[in-house]
Amino acid sequence: VNGLGGNALYAFATALGGSELRFNAANGALLVSADADSLRLQMLTTDDTVVDEYVLPRGGVDPGVTELVGAGASWAYLDTGVFPGASWTDGAFDDSSWLTGQAQLGYGDGDEATTVGFGPDANNKYVTTWFRRSFSVVAPADYAKLQLRLLRDDGARVVLNGTEVVRANLPAGTITPLTLATLAVASDEEDTFYPFDLDAGLLVAGTNTLAVEVHQSAVTSSSSERASPCSPR
């Protein structure tokens, strides 16, 4: 529900049950975009600040679906261009020195909730940025299916609890911080959440860890972003 289209702003009354976010600090509009896989809704202010965002997958949301990591979740990220070490995908890895920010994370497109760095030279940007997100699962056996929806620009590798589960737009073999994405992502592909069905048996009781590395297709790439909600059902 959006009522910020141009009338005078006013105070809220009592929140309705189920309300998750309320905003009345600026005028704005609701941007709705759709493709074959999802319906994406963004609450934007008049200066294009993203206040809230929600992605409705094709077929709607099953009441039995639990979203473990939402599209607007907070992630730890490393944007120094320096490889964090082979253990960076492990749940026990210490990422307390990393920066944190809300998705989308990236640069260059103007719709990011968090802007990440690309280094001192715009013509020689860091190829890779690393991201980590932990989430809790009480009873893994309750989940029969697991789906990850990935938005990436340009390539990405996703690791769940130490196991690589997705490699998108990256070459086969060993991936290094200097590995370029296979192709440049542009136009609608930059805003598309691609679904990947995962093995629900990879979930563990307690803390689970998603680790994502995003790679540019060229050191002069104009933009980069990443957001990846993970939904079991």
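In what order do the six strands of the open sheet lie, and in which sense are they paired? The order is β5-β4-β8-β13-β10-β11, and the pairing is antiparallel; here strands are DSSP runs of E of at least two residues, numbered from the N terminus, and two strands pair if DSSP finds at least two bridges between them.

The model is a predicted one, in which local features need pLDDT of at least 70 and side-chain atom pairs count only at pLDDT 80 or more, whereas totals for chains, interfaces and linings use all residues. Residues are numbered from 1 along each chain as its sequence is written, and side-chain values use heavy atoms, with hydrogens and water left out.

**Sheet and strand pairs**

The edges of the open sheet are β5 (99-102) and β11 (163-168), each of which pairs on one side only. From one strand to the next the twist averages 25 degrees, where axes are lines fitted to C-alpha atoms and angles run from 0 to 180 degrees between N-to-C directions. Within this sheet, β4 (residues 74-78) runs antiparallel to β8 (residues 128-137) and is joined to it by three bridges, and Ala76 has Arg132 in β8 as its bridge partner. Another antiparallel pair is formed by β1 (residues 28-34) and β2, over seven bridges, with Leu30 partnered by Met43 in β2. Strand β2 (residues 38-45) is largely enclosed by the rest of the structure, because six of its eight residues are buried, that is, under 20% relative accessible area, while exposed means over 50% and partly exposed in between (1.4 Å probe, protein chains only).

**Cores and the surroundings of Phe135**

The largest nonpolar core (buried Ala, Val, Leu, Ile, Met, Phe, Trp, Tyr and Cys residues joined through side-chain atoms within 4.5 Å) has 27 residues, and those with the most contacts inside it are Trp75, Phe131, Phe135 and Leu210. The elements giving two or more residues to this core include β4, β8 and β13 (206-215). A second, separate core has eight residues, among them Ala76, Leu78, Trp88 and Phe93.

Not counting residues up to four places away in sequence, Phe135 touches Leu160, Asn208 and Leu210, among others, where contact means heavy atoms within 4.5 Å. Asn208 belongs to strand β13 and is buried, with a relative accessibility of 0%; its contacts beyond four places in sequence include Arg133, Val137 and Asn161.

**Loops and backbone geometry**

Asn161 lies in the loop between β10 and β11 and is partly exposed at 26% relative accessibility. Ala92, in the loop between β4 and β5, is exposed at 77%. Two residues other than glycine have a positive phi, and they are listed here with two cis peptide bonds.

| Site | Feature | Value |
|---|---|---|
| Asp48 | phi | near 70 degrees |
| Asn161 | phi | near 50 degrees |
| Ala103 to Gln104 | cis, omega | near 0 degrees |
| Asp153 and Asp154 | cis, omega | about 10 degrees |

Asp48 is in the loop between β2 and β3, Gln104 in that between β5 and β6, and Asp154 in that between β9 and β10.

**The largest pocket**

The largest pocket has a volume of about 1,300 Å³. On a 1 Å grid over the protein atoms alone, a pocket is an open set of points where a 1.4 Å probe fits, with protein on both sides within 12 Å along at least five of seven lines, and lining residues have an atom within 4 Å of a point; the volume is the space filled by probe spheres set on the points, which are joined across faces, edges and corners. Of the 42 lining residues, the closest to the centre are Val1, Leu21, Arg22, Phe23 and Asp52. The largest share of the lining, seven residues, comes from β3.

Note on methods
Helix = DSSP H or I, 4+ residues; strand = E, 2+ residues; numbered from the N terminus.
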